[in-house]
Amino acid sequence: MKINRRRFLLSSALVGGGVLIGYSALKPSNHRRANAELATGGEHYVTSFIKIERNNAITVYVPHSEMGQGVHTSLPMMAADELDAAWEDIIVEQAPAIDLFANGDLVKGFAGEFGLPGFLTGIVNASAVSIAELMNLQTTGGSSSVRFTGETAMRTAGAAARQMLIECAANRWSVAGDECSTELGHVQHNASGRSLSYGELAADAALLEPPENVTLKDPSQFTIMGKAISRVDIPAKVDGTANYGIDAHSEDMLYAAIRLAPVFGTKLVSVDAGDVLSRRGVKRIIELEDSVAVVADSYWRAKEALKGVKSQFESSDADTTSSVDLFAGFERSLAEDKNSKVLETGDTEGAMDSASDVIEGNYTVPYLAHAAMEPMNCTVHLHDDIVEVWTSTQDALGIKGRVAKIAGVAEEDAIFHHSYLGGGFGRRLPFNWNVIDHATLIAREFDVPVKTVLSREDDMQQDYYRPAVASNFKAAFDANGVVQAWHNRFTGPIQTPGASHIPYAIPNKSIRVVDGDTHVPIAAWRSVDHSQQTFFTESFVDEIAHRSGKNPYQFRMDMLADHPRHRKVLEVAAEAAGYGENLPEGHALGIAVQESFGSIVAEVAEVSLDSNNRPVIHKVTCAIDCGWAVNPDTVEAQVESGIIYGLTAALYGEITIENGRVAQNNFPDYEMVRMADTPEIDVHIVESGEKLGGLGEPSTPPIAAAVSNGLYILTGQRVRELPLKNHDFSRSTPIAQV
Amino acid sequence: MATFKVNGVEQNLDIEPEMPLLWALRDELGMTGTKFGCGIASCGACTVHVNGNAVRSCVTPVSAVEGQDITTIEGLASVAAGANPSAPDLSAVQQAWIDHQVPQCGYCQSGMIMAVSSLLASNPNPSDADIDSSITNVCRCGSYPRVRKAIRSLAIA
């Protein structure tokens, strides 16, 4: 595969001999200048580096956060394969949080596809965030690391380094480059039987100009990609040595427990600390604009002491607001229909007017918290005119800049300490600043490290939530019972408008968004808008299928004539699930399909009701077309993970607002799928050979609709509101399956 | 003074008797392998062994473990090995976790491994129902299918 050089390769000599191969987004005017910029950290974006040392040690720097998705393994696999290195020789290192390792290419990848990436804009007005600002991030999100950084940077850098090493060996042997081959970290001249290790050639390679164009391998040549390589981060995660942000520790460390304004957006009015300061270990009570914190010599002492601190926050218009009011507001907004266009094709109004039959379905989903297992936390240490920060984040570089700014320290005097993330799911993306800002403001008062930790209750009540959405549908059928129009109005804001599109061949479509802003802060939540929108669209498509008198699988296949990849995953999932075959008594299958983040996923859920008429999900069969699989085992793990994350939302997930604040506290009232609820999951990877698709998110969207569609067949009840725990399935009338 | 053994080493700590074991381990002893997840014994991320039995340390005051033997994830392998110098660096459960590539973000896995180790010690061949009722730890990454596979690989048929 030949690729155009859209970015530019850079190389530089290492002290002690060796070569560093990187990859820049800006054109260096010449090689010398590039090296100078590399050395000083100038205005360019190097997205990846491969370092080859004399002893043949090969280090791959990964500019993305490891939060369980396996990126510390898959990205180095891509670089190592193109380099023809031995996997055993690869050392994986987290790229430091400096602008040389900003992963702006990811943003460019998105910008090319969709404009500004929705998962990054969050609640921030897109116009307020410049591309330049986004370029200077080190973001992990949007299911993008492998398909953008991996494809455009890691593979290219590996292939370039290989070509440079071949050139050096050929020069040394005075033979033509094409007489040489590479294998397991060595260049060989087969005719003479000579061989040199990459390490022996690295010092020479550092003096070469990187090639103008590089040739990437054909998949048939892969030696590492496509294999189920064991993840490099797992050993530390089974013996307790894996370090997360919350594990930052020093002897002199202080700990802060914090109470944030319970009603979003309100300010602290007064504090009565009583005798809390006289308690053992308590150092200070700190009042911030929107919160009060107790700093002590142990987190437990700080947390216990905070219970004794009385605080008053200002009153607000939102003080009496409940979820019922918010949803009533959504209804008003939908009725007013002051909309913005998302997608318009054909003449939907005309088709509605001339329809023989119109069906309607009004859907809602509630706010959801991320509930990552590692509660939000941040440790900050200001000393000697510098600031050090330890936190689990999906954007190390952005956090470093944020902390420096709040600490009043120059960005070059800020040091970021990396760690693994105890879950991300969007909560740890930039612009979700609480805890980071607070930890920095608190630490400014001390000259020792201060670790600020949100309790689980605070974590749940002070999140940036998946938006609650109301979505109203109408479908028009002609006299022959054929669906002619799709009419959809839903509440925004929508961050990824494409999530509301449907692939089905319905000639007239009108999809529009109305205002859905509330005082509740929102952010990207695993799969962003796809998780809500796919529940809506794939449920209503199911309604249309049943009204058409067609089997929901066959209806989708018939309406997807122009979408062979969708048809393929539906076919694979349905066949593997035994669709159309006899099921155990009282079981039913529901199906759904969605394209998101470049991957297409079909899921079939086998459901029943238990003796208390609660839904049981026995098995989920999933087919995913992600182009091809860099590491098939992590593909399966991510698909399993996304399904279970989506299943928790479908069965239990519900954040409600009472008196302006979040009503839920902890796992008992924000329940999670656990072992007992977990279905058997059967994953089928469909290798279409198309462009790489994302993996962290695409399996989440279809599951809620797949389960609900199965429950409809079982009970005759159409679920138009999540979560399922709120539904009473005791009076069920199974429908006759077509 | 609170006195107990952690991974075979006696600890004497000048702390309040009501301080939960979790915070004594993490903040007083700097042993961060045991995780804080919910603080109310709901999620199991803080699971350790007290005299070999799985206990949620976030709600266990140190006064309740006075004089007892605590094992944490950091000591699981060496405690299992005892005086056997040829024992591997990982316990069988930890090795199965690698073989089945169980962890994702990994944050809950210390607690998960401690809970499963305790289950298998008392019930070497658990049924699916036994697993469902004993392993109630929360994993937001959804490693559950692999947890089940790893347990089955360890079960004595």
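This dialogue reads the contact between two chains and the domains of chain B.

Student: What should I know before I start?

Tutor: This is a predicted model, in which local features need pLDDT of at least 70, side-chain atom pairs count only at pLDDT 80 or more, and totals for chains, interfaces and linings use all residues. Residues are numbered from 1 along each chain as its sequence is written, while chains are lettered from A and ligands numbered from 1 in the order in which they are written.

Student: How many residues does each chain bring to the contact?

Tutor: Two residues are in contact if their C-beta atoms, placed from the backbone, lie within 7 Å. Here chain A gives 45 residues and chain B gives 45 residues.

Student: Which helices of chain B supply at least two residues each to the side that touches chain A?

Tutor: Helices (H or I, at least four residues) and strands (E, at least two) are DSSP runs, numbered from the N terminus. On chain B they are H1 (21-28), H3 (92-99), H4 (109-122), H5 (128-134) and H6 (144-154). H6(B) gives the most, with four residues.

Student: Where do the domains of chain B lie?

Tutor: Domain bounds come from an automatic or database domain assignment. For chain B, domain 1 spans 2-76 and domain 2 spans 83-154. Their centres, taken over C-alpha atoms, are 20 Å apart.

Student: How many residues of each domain are in contact?

Tutor: In chain B, 16 residues of domain 1 meet 15 residues of domain 2. On the domain 1 side, strands E3 (47-50) and E4 (53-56) of chain B each give two or more residues. E3(B) has the largest share, three residues.
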